[in-house]
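Welcome! Here is a short tour of a structure that may be new to you. Take a look at it first, and then we will walk through it topic by topic.

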2 protein chains.
Amino acid sequence: MTNNDLRVTDKTRLIRAPERASYDRKLAYEIIDSTPMCHVSYVIDGDPYITPTFQWRQGDDIYWHGSSASRFLRNAAGANVALNVMLFDGLVLARSAYHSSANFRSVTVFGRAVQLEGDEKLAALQQFVDVLTPGRWETLRPMNDQEIKATTVLSMPIDEASVKLRTGGPIDDDEDYELPIWAGVIPVAQTAGEFAPDERNLPGIDVPDHVRRFNLG
Amino acid sequence: MTNNDLRVTDKTRLIRAPERASYDRKLAYEIIDSTPMCHVSYVIDGDPYITPTFQWRQGDDIYWHGSSASRFLRNAAGANVALNVMLFDGLVLARSAYHSSANFRSVTVFGRAVQLEGDEKLAALQQFVDVLTPGRWETLRPMNDQEIKATTVLSMPIDEASVKLRTGGPIDDDEDYELPIWAGVIPVAQTAGEFAPDERNLPGIDVPDHVRRFNLG
């Protein structure tokens, strides 16, 4: 790891609720590794665009990919982007609307997207498959040149980044604790269900460990 | 409803995978109503920013809110924004990396954020609480002027918008179905767990129906 802290800049400094902010790199990586999805924000012709997509981490870099024909990915190489990974952990029901909130863990990464080419690009795609489903890459029909060409892989360092999170129960105004109002938390989680084999799987094929043991979080 | 279709523009037209695109307003509303979280993308000084936040729908408009001190919300009124609501429904494991994918349902809304004031703002906040937890607003300690002032509510019409989604199992190249590779789907869902009452709730307080019956999706 480059260092233990993420970089605080005008973009990443959380001013409003500093108690919910962190620049701890380890914590950021735990969050990023807990869910495969992210949202990426792009600027095209001055206007904001947003798209959900897979993300994966390799060391101190975060990666995402898509079709080479995507207008987002065509415009992204070399451009500033913002990427957010978020886990929604629950509703926090306070005694007032104002103090009601969400429990969540969120990492935002700012940076200039770098487009990968050649061996580096193929290695990143392998890493993606094997981060999500360890060992699956070598079981798959190999990618051909046309597929590699049709795929764009982008990355950026996890450096100018910040963590924002909230945990725990409601925190109400002192005098509101005397009110006869139900307060509490409704937890929310993203969970994996029972795998569903494709009906065209060949007879006798074992369910791989990376499927049997798949888990989120 | 203004009409049955969302508006197709250069921003919302999905070119790459038209079979995964929809402009059906009813479908968009079902997705928006299935999860309270969204991501909003802003442009400040030419750079992209992204933040996860609550969203709620009222008729043909989508709403979000936050601290009036937030730099995003201070800059958003009158500005172009992009908002995405996404449900991650599962991993699609194909026989090749290239055809592996995610099942998901996603709505992106583009528009100019309108900042609500006065009665309209308070009504929107009530709507937020009651959309998420029906009937809760009237049980809460009322918002005071300072809290209302400290809260910014934004909205925009759900008009220039599109749905993108994928469902079902893997779709492999014809010749790959003969390979001895396990393919299938691992479903993923966002679920609510058992509610946890705040330890400072007054004795004898009933659990409200909006807590007992809370569900996502």
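To compare the two chains, copies are superposed by least squares on the C-alpha atoms of residues with pLDDT of at least 70 in both. Keep in mind that this is a predicted model.

**How the chains are related**
- A turn of 180 degrees, with a shift of 0.0 Å along the axis, lays chain B on chain A with an RMSD of 0.0 Å.
- This is the relation of a two-fold axis.
- Within chain B, the residue that comes closest to the rotation axis is Gln190(B), whose C-alpha is at 2.2 Å.
- Both copies use the same surface, as 100% of the contact residues of chain B recur in chain A.

**Where the chains meet**
- In the contact, 72 residues of chain B meet 72 residues of chain A.
- S11(B) gives the most to the side of chain B that touches chain A, with nine residues.
- That side of chain B is made up of 46 nonpolar, 18 polar and eight charged residues.
- Strand S10 (residues 184-192) of chain A and S12(B) run antiparallel and are joined by two bridges.
- Gly184(A) has Pro197(B) as its bridge partner in S12(B).

**A closer look at helix H3 of chain A**
- The buried residues of H3(A) are Ala124(A), Leu125(A), Phe128(A) and Val129(A).
- These residues lie on the same side of H3(A), because they cover an arc of only 135 degrees around the axis.
- They pack against strands S3 (47-58), S4 (61-67) and S8 (151-157) of chain A.
- Exposed Asp119(A) and Glu120(A) sit on the face of H3(A) turned away from its buried side.

How values were computed. Residues numbered from 1 in each chain as written. Chains lettered and ligands numbered in written order. Predicted model: local features only at pLDDT ≥ 70, side-chain atom pairs only at ≥ 80, totals over all residues. Contact = placed C-beta atoms within 7 Å. Buried ≥ 20, exposed ≤ 12 C-beta atoms within 10 Å, placed from the backbone. Helix = DSSP H or I, 4+ residues; strand = E, 2+ residues; numbered from the N terminus. Arc of directions from axis to C-beta. Nonpolar A, V, L, I, M, F, W, Y, C, P; charged D, E, K, R; others polar. Pairing = 2+ DSSP bridges.
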